[in-house]
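Let's take a walk through this model together. Keep the viewer open and turn the structure as you read.

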Amino acid sequence: MKVIDRKKEVFKLSQGEYVAVESVESKYLQCPLVTSIWVYGNRFESFLVAVVVPGRKALEDWAAEHHLTDDYKSLCQNLRARNYILDELNITGQKQPLRGFELLEAASKLCADGKEGT
């Protein structure tokens with residue numbers, strides 16, 4: 001069996017806030033640095049995290065500006081790159097506007113080309 005979608009499109013965080021996750025994801029997808037995003041939260045935590053596939057060119061351009069010579073796969077593992085993407089996502093979220101609890105606490109993983117481990 002292969003899971004290809006969520007069981008629920010709305011979930012509740014620990015503080016009682018309900019999150020319509022598809023709506024949140026669609027707003028984050030307006031960030032020009034992101035080609036794909038999966039947002040996750042649960043009733044035991046008060047925040048959201050995301051798995052993000054950054055755009056190759058956008059990430060490589062950022063790396064060049066910051067004098068990083070890593071390849072795309074290595075950049076996806078780079079903590080500075082992860083923080084940059086998270087900051088840009090939250091700037092996008094604030095412009096949408098998303099509510100405070102819908103802003104991301106962490107980009108738990110950047111996946112190169114949408115495939116984990118590649």
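What follows goes from charged pairs to a pair of strands and then to a helix and one of its residues. Keep in mind throughout that this is a predicted model.

Let's begin with the charges. Side chains of opposite charge can pair when their charged atoms come close. How many salt bridges does the structure hold? The count is three, and helix α2 is a good place to start looking.

Helix α2 covers residues 56-65. Here the side chains of E60 and R56 meet in a salt bridge, with 3.8 Å from N to O. That sits just inside the cut-off, because a salt bridge needs the nitrogen within 4 Å of a carboxyl oxygen. The spacing along the chain helps make sense of the pair: E60 and R56 are four residues apart in α2, so about one helical turn separates them. Both ends get some solvent. E60 is partly exposed at 33% relative accessible area, and R56 is partly exposed too, at 37%.

Now shift along to D61, which forms a salt bridge with K57. The closest N and O atoms in this pair are 3.0 Å apart. The spacing argument comes back: D61 and K57 are four residues apart in α2, which means about one helical turn lies between them. D61 is partly exposed, with a relative accessible area of 36%, while K57 counts as exposed at 59%.

The remaining pair is E102 with R99, whose side chains meet in a salt bridge at 2.8 Å, N to O. What about burial here? E102 is buried, with a relative accessible area of 7%, whereas R99 is partly exposed at 45%. Hold on to E102, as we'll come back to it.

Next, the strands. Strand β3 (residues 34-40) and β4 run antiparallel, and six bridges join them. If you want a spot to zoom in on, try I37, whose bridge partner in β4 is V52. Strand β4 itself takes in residues 48-54, and six of its seven residues are buried, so the rest of the structure largely encloses it.

Then there's helix α4, residues 79-95. A quick geometry check works nicely here: at 1.5 Å a residue, its 17 residues should span 24 Å, and the end C-alpha atoms are indeed 24 Å apart. At the start of the helix, a side-chain oxygen of N78 reaches to within 2.7 Å of the backbone nitrogen of R80.

Which residues of α4 are buried? They are A81, I85, L86, L89, N90, T92 and G93. Look down the axis of α4 and these buried residues fall within an arc of 165°, so they line one face of the helix. On the other side of α4, Q94 and K95 are exposed.

Let's finish on N90, which has its place in α4. N90 has 13% relative accessibility and therefore counts as buried, the cut-off being under 20%. Leaving out residues up to four places away in sequence, N90 touches Y28, L103 and L104. With Y28 there's also a polar contact of 3.4 Å between the side chains. And here E102 returns: N90 and E102 are 12 residues apart in sequence, and their C-alpha atoms are 9.3 Å apart in space. E102 is the buried residue from the salt bridge with R99.

Note on methods. Residues numbered from 1 in each chain as written. Predicted model: local features only at pLDDT ≥ 70, side-chain atom pairs only at ≥ 80, totals over all residues. Heavy atoms only, no water. Helix = DSSP H or I, 4+ residues; strand = E, 2+ residues; numbered from the N terminus. Buried < 20%, exposed > 50% of the residue type's maximum accessible area, 1.4 Å probe, protein only. Pairing = 2+ DSSP bridges. Expected span 1.5 Å × (residues − 1). Arc of directions from axis to C-beta. Polar contact = N/O pair within 3.5 Å; in protein donor to acceptor, adjacent residues only side chain to side chain. Contact = heavy atoms within 4.5 Å.
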